[in-house]
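Please open the model in your viewer and keep the selection tool at hand. We will go from one selection to the next, pausing at each to see what is there.

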Amino acid sequence: MDTYISGLQMLAHFDIMIALLVGSVGGVIIGAIPGVGPPVAIAILLPATFAMPPLVGLTLLLGIYGSSMFGGALPAILINTPGTAVNALTTYDGYPMARDGNPLRALGLAYGASFVSAILSIVALILLSPLLARIAPMFGSREIFLAALLGIVLVVLAHRGQTFSAAMLAGLGVFLGTVGLEPVKYTQRFTFGTDILSSGFDLIVVVMGLFALSQAFTLMADPETAPDTKPLNGSMFRAMLEVFRFKRLAAAGSGFGVLMGMIPGVGEFTAQFLSYTYAQKTSKAPEMFGNGSPEGLVASESANNAVPAAAMIPLLALGIPGEALTAMMLSVFYVHNVVPGPGLFQNQLDLVYALYTALIILNVIVVIFMIFASNWLLQIIRVPTRFLGLAILILSFVGVYTLRNSVGDCVIAAGFGLLGVVLKRQNLPVVPIILGMVLGGIMETKLRSAMGRVRTPLDFVDRPIAAIIAIAIFLLVVTHIWGVLRERRKGLSEDQHDHDMHDTQQR
């Protein structure tokens, strides 16, 4: 209890409260603008957070991360265009409800489910923190190396149908992390004698290019759009209270969100589809799903909003980000010499409690804001896309240049921006590159640290946690390969069957 009170005292500062307010409201606004999303906003803000105290910078980014999905539900329901990628499933039932004359009810259910699930997940994780504090000291260099490797494996396997592409892009990220001075003997690697590469590829420059600049280029190249919307009439608060008719689904969605958020590389999409499938299987009216089912809307929104708090677990406990947004937050920790990992839960548990309490506060701020500002937010949806693209482009280049006052960084960011455009056009994932850079650096450092105590390959897995993680990696890879081979055999047998049928018909 004393530790939790200490965490509250850390938050009780004017600058942190302002950061929470700006982050939570700003996240809603950013989420409500189709085509921007939290990765772009956080990428632009990262350079500014380096000059702030660590807790101020982190609460600002947490505010954007945790509240953007609230805003993303607004265009998803009203104009069938998800504000953020994870609100795509919200369109399945939210838009049909709005089209049938119930936009206020659809938004109320979405906001209510998001708030309930977010609070449930944060409370659950606060209660789990003492357990994590006891487990954290069991992680040494070998365990963290294997956990980072598990993270990369999960990220790759999470991209179903694109695992080979995701693996190649994660490998590219690992390679990018090796460019420049290596961390032990400070010898140069892959610099080809050029000064611009001697300090390596800065993570923030790569993030700005792949997310912010690529999105700016895309918005400026695509035809300009400015959607129209109609104002909402009625009490948003009363509409939100209806979520308590679906308590079971909100609780189940929160559970899926917490479990999937704690696993690196899995995140909102898996949690949503598990929750949505569960709701459909247990519903008395499964035929309504996809046609305006309130149960489907509650299931999808409760699952995705439970993930942000849970995604902080691998970041704080092991120093391993689960996706691009927590990878960006990791850089804020490093800039301020706060090292996430086992020591954080041992020595700075009050900081962990402060971050989780900040998540509770920002959700309260967001709900109050959404109750009164939904009609005002409708004006945000109408911003022309090319104007957005130009604004993102300017802010991104300013942010990149201010990192080290380097034009070379701007050139590198522009190059990665073009790479991001190509990847999006080819429908290839960008996130594995970022996680490859972050996790590759962790793996290299921990592997070199662990090798001093390893004599044989079995020494690497001679401790319980290391053995469990190694077995999990092995089973995941084998299961995936077995699944791919089974699908291929099934496809070949179906092709043979079709060929035989065709021959029979010809005879």
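Select Leu-21 to begin, in a model that is predicted; this residue lies in helix α2, which covers residues 14-32. Is Leu-21 partly exposed or buried? Its relative accessibility is 42%, so Leu-21 counts as partly exposed, because the buried class is kept for values under 20% and the exposed class for values over 50%. Now add Ile-122 to the selection and draw a line between the two C-alpha atoms: Leu-21 and Ile-122 are 101 residues apart in sequence, and 18 Å apart in space.

Keep Ile-122 selected, since this residue belongs to the lining of the largest cavity. The other residues to select around this cavity are Gly-66, Ala-118, Ser-121, Asn-305, Pro-308, Ala-309, Leu-359 and Asn-363. The elements that give two or more residues to this lining are α6 (103-135), α13 (294-318) and α16 (349-381). The space inside the largest cavity is about 60 Å³, and its lining has 5 nonpolar residues, 4 polar ones and no charged ones. In the whole structure, a search finds 2 cavities of 30 Å³ or more.

Next, follow helix α6, where you can select Pro-103. With a relative accessibility of 24%, Pro-103 counts as partly exposed. Select Asn-233 as well, and you will find that its C-alpha atom is separated by 9.1 Å from that of Pro-103, although their positions lie 130 residues apart along the chain. Helix α6 also holds Leu-131, which is partly exposed at a relative accessible area of 39%. Together with Leu-128, Ile-135 and Met-138, Leu-131 makes a nonpolar surface patch of about 310 Å².

Now turn to the salt bridges, of which a search of the whole structure finds 6. Select Asp-462 and Arg-142, whose closest N and O atoms are 3.1 Å apart in one such bridge. This pair links distant parts of the chain, with Asp-462 in the loop between α19 and α20 (464-506) and Arg-142 in helix α7 (residues 141-158), 320 residues apart. Asp-462 is partly exposed at 48% relative accessibility, whereas Arg-142 is buried at 8%.

Then select Glu-143 and Arg-463, which form a salt bridge with the closest N and O atoms 2.8 Å apart. Here too the partners are 320 residues apart, with Glu-143 in helix α7 and Arg-463 in the loop between α19 and α20. Glu-143 has a relative accessibility of 1% and therefore counts as buried, while Arg-463 is partly exposed at 33%.

For a salt bridge within one helix, select Arg-448 and Glu-444, whose side chains meet at 3.4 Å, N to O. Because they are 4 residues apart in helix α19, the two are separated by about one helical turn.

Stay with helix α19 for the final stop, the second largest pocket, to whose lining α19 gives the most, with 8 residues. Which residues lie nearest the centre of this pocket? Select Leu-203, Tyr-334, Met-437, Val-438 and Gly-441, which lie nearest the centre among the 38 residues of the lining. Elements that give two or more residues to the lining include α8 (163-178), α9 (203-221), α14 (324-335) and α17 (385-404). The pocket holds about 950 Å³ of space, and its lining is made of 22 nonpolar, 10 polar and 6 charged residues.

Conventions. Residues are numbered from 1 along each chain as its sequence is written. This is a predicted model: local features need pLDDT of at least 70, side-chain atom pairs count only at pLDDT 80 or more; totals for chains, interfaces and linings use all residues. Side-chain values use heavy atoms; hydrogens and water are left out. On a 1 Å grid over the protein atoms alone, a cavity is a set of points where a 1.4 Å probe fits but cannot get out, and a pocket is an open set with protein on both sides within 12 Å along at least five of seven lines; lining residues have an atom within 4 Å of a point. Grid points are joined across faces, edges and corners, and a volume is the space filled by probe spheres set on the points. Ala, Val, Leu, Ile, Met, Phe, Trp, Tyr, Cys and Pro count as nonpolar, Asp, Glu, Lys and Arg as charged, and the others, Gly among them, as polar. Patches are made of residues with over 30% relative accessible area and no salt bridge: like charges are joined within 9 Å, nonpolar side chains (Val, Leu, Ile, Met, Phe, Trp, Tyr) within 5 Å. Accessible areas come from the Shrake-Rupley method with a 1.4 Å probe; for residues, only the protein chains shown count as cover. A salt bridge is a side-chain nitrogen of Lys or Arg within 4 Å of a carboxyl oxygen of Asp or Glu. Buried means under 20% relative accessible area, exposed over 50%, partly exposed in between (1.4 Å probe, protein chains only).
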